[in-house]
Amino acid sequence: MVNFDQLLEESLKMGSFQKKSLLVVSLIDFSDGVEKTIIGIMLTILSHEWKLEQSEVSNLASIYFVGIVGGTMFCAFNTDTIGRQKTLMLSSMIGFVCMLWMSLAQTYLEMFLLRLGFGFIFGTTIPLGHIVITEIIPANIRGSIMTFVASVFIVGKIYCTFLCMALLQGFDEGHWRILVALNSLPLLLCCIGSIIYLRESPRYYLVKQQYQQAFEEIELIALHNNTQNFQLTNNMKEGLIENSQLIIKSETNFSQLFKGRYEGFTIRMWFVFILTSFIECSLYILMPFWLHYHNKGFEIILFMMISELLANMCIYKVIDSKIFGGRQKLVIYIALIISVTSLITYIQGEELLVFGMTTISFFLKMMFTTEMVIMNENYTTQFRSMGVGLTQTVGKFTGAIIPFIIFPIFEIDPFLPFLIYCICMLVQAIFAYQFPFDMTQVELDCVKVFS
């Protein structure tokens, strides 16, 4: 019985169809990298320029993540109905308008509402891009391609850092409106690219039982990839239909994420992603404050971004290999390294601040890349949007409450967050150890793995 993964690896292969989709989806991660870099810097500038109280700064940071939570929930329950391509096109267009409007905001309330709206839109697009790519990439290079997408996220951060160096005089003043306006352009390009190049995947149509449309998409991929002498035979069609029916034999609803094949996985994945998100969000929010208080410049941020790019190059080499025992073991090893580094940074304080932030940033990038691959491939196509969307939701919800936790802790002791990072990573290693299965080099919708 032939399945879509076999067709991808043996006949359709990786070609121009996937590369065009990859280009469009990469712009989402590029924009995400920009936003992650600019969020803390904007908070420090606005707190100085608009004379904001600590509670107002916390609210501006939090409301973006509240929007993200709403957006990822929308993605989880609605994008399979609307369609991934259409949702991505509309959300990137609205995101462009929101960010451009943000550059013109004159009041705290206006900025507050725009951050909420932009968060919602961006929360919708972040999971979608990875879902789209996961479904059209052959299993043997799936991890490597997802790593490439994650590298574009870092390129976005480097791009934004260079703009900061050119447009800002420091962490508390500069032409931040021009900075925000320029950083809206990748979302416009993403919208245009979605219209021209992006299509629904054959897996999507197979699970929707729109078989004729699925067959047409498969033939279109073959045409774009110049696959020689490819013909979708009746036996192939029957195999694809039979395999898709095996995948969709259970009802698609929220409760199924905690039963049968996913029992023991979803909750553990949620805790792992919550802990990683906690460190990532707090690190990016506090980074400008740490650097500003210790008279460091933007070059430190740039150095950290370059280290993240090197991290992705490293993970690119090993993520599709079982040399470390699969992706599950990789998460455990990285968590332990971050835990030890955080403890050392907490003990040494300012002396090792730059080393600590850079090393944590390096391995955190490896961690996030691995987790994104795990959550996208461990759910079958029927549950992928819901599973990934909800995992992103619970992770991003952490970002909504972090400012109200991390700023008071920072006020007590600027280095106390590193001790918390240490404890978080030890707990995360335990949850990762208990993952029930590993999908490294396994076909995406392989029913045997979940049986």
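Reader: Hi! Starting with the cysteines, how far is the sulfur of Cys191 from the closest cysteine sulfur?
Author: Hello! The closest one belongs to Cys190 and is 7.5 Å from the sulfur of Cys191, too far for a bond. This is a predicted model, with residues numbered from 1 along each chain as its sequence is written. Local features need pLDDT of at least 70, side-chain atom pairs count only at pLDDT 80 or more, totals for chains, interfaces and linings use all residues, and side-chain values use heavy atoms, leaving out hydrogens and water.

Reader: Thanks. How many disulfides does the model have, then?
Author: The count comes to zero disulfides, where a disulfide is a pair of cysteine sulfur atoms within 2.5 Å. Cys422 is in no disulfide either, with the nearest cysteine sulfur, that of Cys424, 9.2 Å away.

Reader: Are those two, Cys191 and Cys422, buried or exposed?
Author: Cys191 is buried at 6% relative accessibility, and Cys422 is buried at 8% relative accessible area. Buried means under 20% relative accessible area, exposed over 50%, and partly exposed in between, using a 1.4 Å probe and protein chains only.

Reader: Switching to packing: at what angle do helix 6 and helix 13 meet?
Author: Helix 6 (residues 142-167) packs with helix 13 (residues 298-318) at about 170 degrees, and their axes are 9 Å apart. That makes helix 6 roughly antiparallel to helix 13. Roughly antiparallel covers angles over 145 degrees. Axes are lines fitted to C-alpha atoms over the stretch in contact, with angles from 0 to 180 degrees between N-to-C directions. Helices are DSSP runs (H or I) of at least four residues, numbered from the N terminus.

Reader: And what does helix 3 do with helix 16?
Author: Helix 3 (residues 54-82) and helix 16 (residues 381-412) also pack at about 170 degrees, with axes 7 Å apart. Helix 3 is therefore roughly antiparallel to helix 16. Their contact residues divide into 18 nonpolar, twelve polar and three charged. Here Ala, Val, Leu, Ile, Met, Phe, Trp, Tyr, Cys and Pro count as nonpolar, Asp, Glu, Lys and Arg as charged, and the others, Gly among them, as polar.

Reader: Nice. How many cavities turn up in the whole structure?
Author: The search finds seven of 30 Å³ or more, and the largest holds about 200 Å³ of space. A cavity is a set of points on a 1 Å grid over the protein atoms alone where a 1.4 Å probe fits but cannot get out, and its lining residues have an atom within 4 Å of a point. Grid points are joined across faces, edges and corners, and the volume is the space filled by probe spheres set on the points.

Reader: Which residues sit closest to the centre of the largest one?
Author: Of its 16 lining residues, those are Asp32, His130, Lys365, Phe368 and Met372. Helix 15 gives the largest share of the lining, four residues. By class, the lining has seven nonpolar, three polar and six charged residues.

Reader: Last topic, backbone: what is phi for Lys51 and Gln209?
Author: Phi of Lys51 is near 55 degrees, while Gln209 has a positive phi of about 65 degrees although it is not a glycine. Most residues other than glycine have a negative phi.

Reader: Where are they?
Author: Lys51 is in the loop between helix 2 and helix 3 and is exposed at 62% relative accessible area. Gln209 is in the loop between helix 9 (202-207) and helix 10 (211-224), and is partly exposed at 47%.

Note on methods
Helix = DSSP H or I, 4+ residues; strand = E, 2+ residues; numbered from the N terminus. Parallel < 35°, antiparallel > 145°, perpendicular 65-115°, else oblique. 1 Å grid on protein atoms, 1.4 Å probe; cavity = no way out; pocket = protein on both sides within 12 Å on 5 of 7 lines; lining within 4 Å.
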